[in-house]
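Trainee: I am new to this structure and would like to go through it step by step. Please show it first.

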Amino acid sequence: MTMVSRRGLMAGGLTLSTMTAVGAHAATAIESKRRLIADTRSLEVNGRAAKVFRLSDEAGRPGLTLAPGERFQVELANQTADHTIIHWHGQLPPWTQDGFPWPQTPPIAPAATRTYDYAPIPGTYWMHSHQGLQEQSLMTAPLIVRDAIELREDRQEIVLMLHDFSFRSPDALLASLTGQTPSQIRALATTSENVSASSPPQVSGENAMGMMQGMQSMGTMSKKNVMGSMGGMKMDLNDIDYDAFLANDRTLRDPEIVQVERSGRVRLRIINGASSSQFWVDLGALAGHVVAVDGHPVYPLAGRRFPLAIAQRLDILVDLPGAGAFPILARLEGTRRCTGIVLTTPGASAPRIDGTGLDRMQPIDNSMETRLVARAPLAPRQPDLVHRMVLAGGMKPYSWSLNGEYWPHITPLMLQKGQRVEIEMVNNSMMAHPMHLHGHAFQVIAVNGQPIRGAKRDTVLVTPMGSVRIAFDANNPGRWPLHCHNLYHMMTGMITEVRYDSIKV
Ligand SMILES: [Cu+2]
């Protein structure tokens, strides 16, 4: 019981230092399961109500926050009228608890519950539905796993979760992209040879920019909000024109105001939970240091603006320069649109931010990625196995593929337990793809053919016509999705499977 009240205090935004003494024995004090409830709610966005999903703990707070050393012992209750399945994004559970609708792990029926029990890894994670388009309707929440070192650093923790929001139904959004209904899209997946796609993988050498053989499909692309360019070619951004962008469920018309101490020390945990939108995190006048990406520590990287692809997270340490109001903005790539929260010290009033006067943001890129260095890199080792994967597709017709295949008609990437595996992802399209591998933390070891000893992550951006090579140790046998985390790319085919050969299907 003390645990519940302590977490209640934390949600109020007190500095963690006051709770450290309790936190030290919290791990042993917890024996009962956490309860996580999936249900629906009414959310007001810019004065208009919408029905959306909700994932909350037993006290009604979004998602879950686990104490240092606490196991992920959770009972998930589906109180919606739909089947659902929740994925613990970036965590490394056994594959049967990962939350993907495999035949072996079907979705949870309405009114049913499912239990989970695994050792979580610390950091900033999140959870979201992997069922249909539920993620777009905010079946998403933070999953924060604290560790003892963070508690000792005496910083106020501020979670900032981003969403893209439309009053239109997700089905209607998808239909407007494809010109088809969801059932027609499923039928399309069975006739993938009708869709213009790149030729099978023909990567040669390390230089992805040599991958120009798929360029013939680009002449067919046209789009009203085309932005940016690459060598004179157009690149595509922001498939959907959203009604709003949310920061902790609110827009900048009425942003969340977070009380902070004068000269306070904070840890921002920023989660891009948007379905199809990528942002620049903009600290404004503040200077910050990125200390973790996708939950995994990196050597501190200083800056004021940081790219945040779909599904990625950033832990940023900020030391406030005294008293005042400090907006923390998330600015949509390729536009002037933004959302955010405001940190205010006692007595300071929050400024009105309407986004006018802001400059248009460039597309996000991998300029930060190449400067990140993992604090706990993989041991140097030659790969036992290298898979090459071509990312392709376009706006007309709206469909996206991996190695020319469309889910569920795919050929799994096979591997064996104990192998060091590398995957070279080559983007043959004019859109960036945030690629997510379930069940493993990978290290980014090359960007656009340039070798790096980069960050460990679970989601990495592969820029238009660019390439990224990742490495991981095959240490978690199972069936694991590897997919683009743009929901509409995934739903039109851009997902495949990484499968251990020991798994019988
Ligand atoms: Cu994509």
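Mentor: One term is needed before we start: a contact means heavy atoms within 4.5 Å. Keep in mind that this is a predicted model.

Trainee: Among contacts between residues at least 6 apart in sequence, what share joins residues at least 24 apart?

Mentor: The protein has 505 residues, and 59% of them count as buried. Of the contacts between residues at least 6 apart, the share joining residues at least 24 apart is 76%.

Trainee: How many helices and strands does the secondary structure come to?

Mentor: Both kinds of element are present in the protein. The count is seven helices and 33 strands.

Trainee: In the open sheet of four strands, what is the order?

Mentor: The pairing in this sheet is mixed. β1 (residues 34-45) and β2 pair in the antiparallel sense over 10 bridges. From β2, the order reads β2-β1-β4-β6.

Trainee: Which strands stand at the edges of the sheet?

Mentor: An edge strand here has a single partner strand, so one side of it is left without a neighbour in the sheet. The strands in that position are β2 (48-57) and β6 (113-118).

Trainee: Which residue in β2 does Thr-40 stand opposite?

Mentor: Thr-40 lies within the range of β1, residues 34-45, and β1 pairs with β2. The residue opposite Thr-40 in β2 is Phe-53.

Trainee: Which residues coordinate the copper ion?

Mentor: The donor residues are spaced H-x50-C-x4-H in sequence. Cys-484 and His-489 are both buried. At 2.0 Å, the copper ion is coordinated by His-433 (ND1), Cys-484 (SG) and His-489 (ND1).

Notes:
Residues numbered from 1 in each chain as written. Predicted model: local features only at pLDDT ≥ 70, side-chain atom pairs only at ≥ 80, totals over all residues. Heavy atoms only, no water. Pairing = 2+ DSSP bridges. Helix = DSSP H or I, 4+ residues; strand = E, 2+ residues; numbered from the N terminus. Buried < 20%, exposed > 50% of the residue type's maximum accessible area, 1.4 Å probe, protein only. Donors = N, O, S within 2.8 Å, 3.2 Å for Na, K, Ca; no water.
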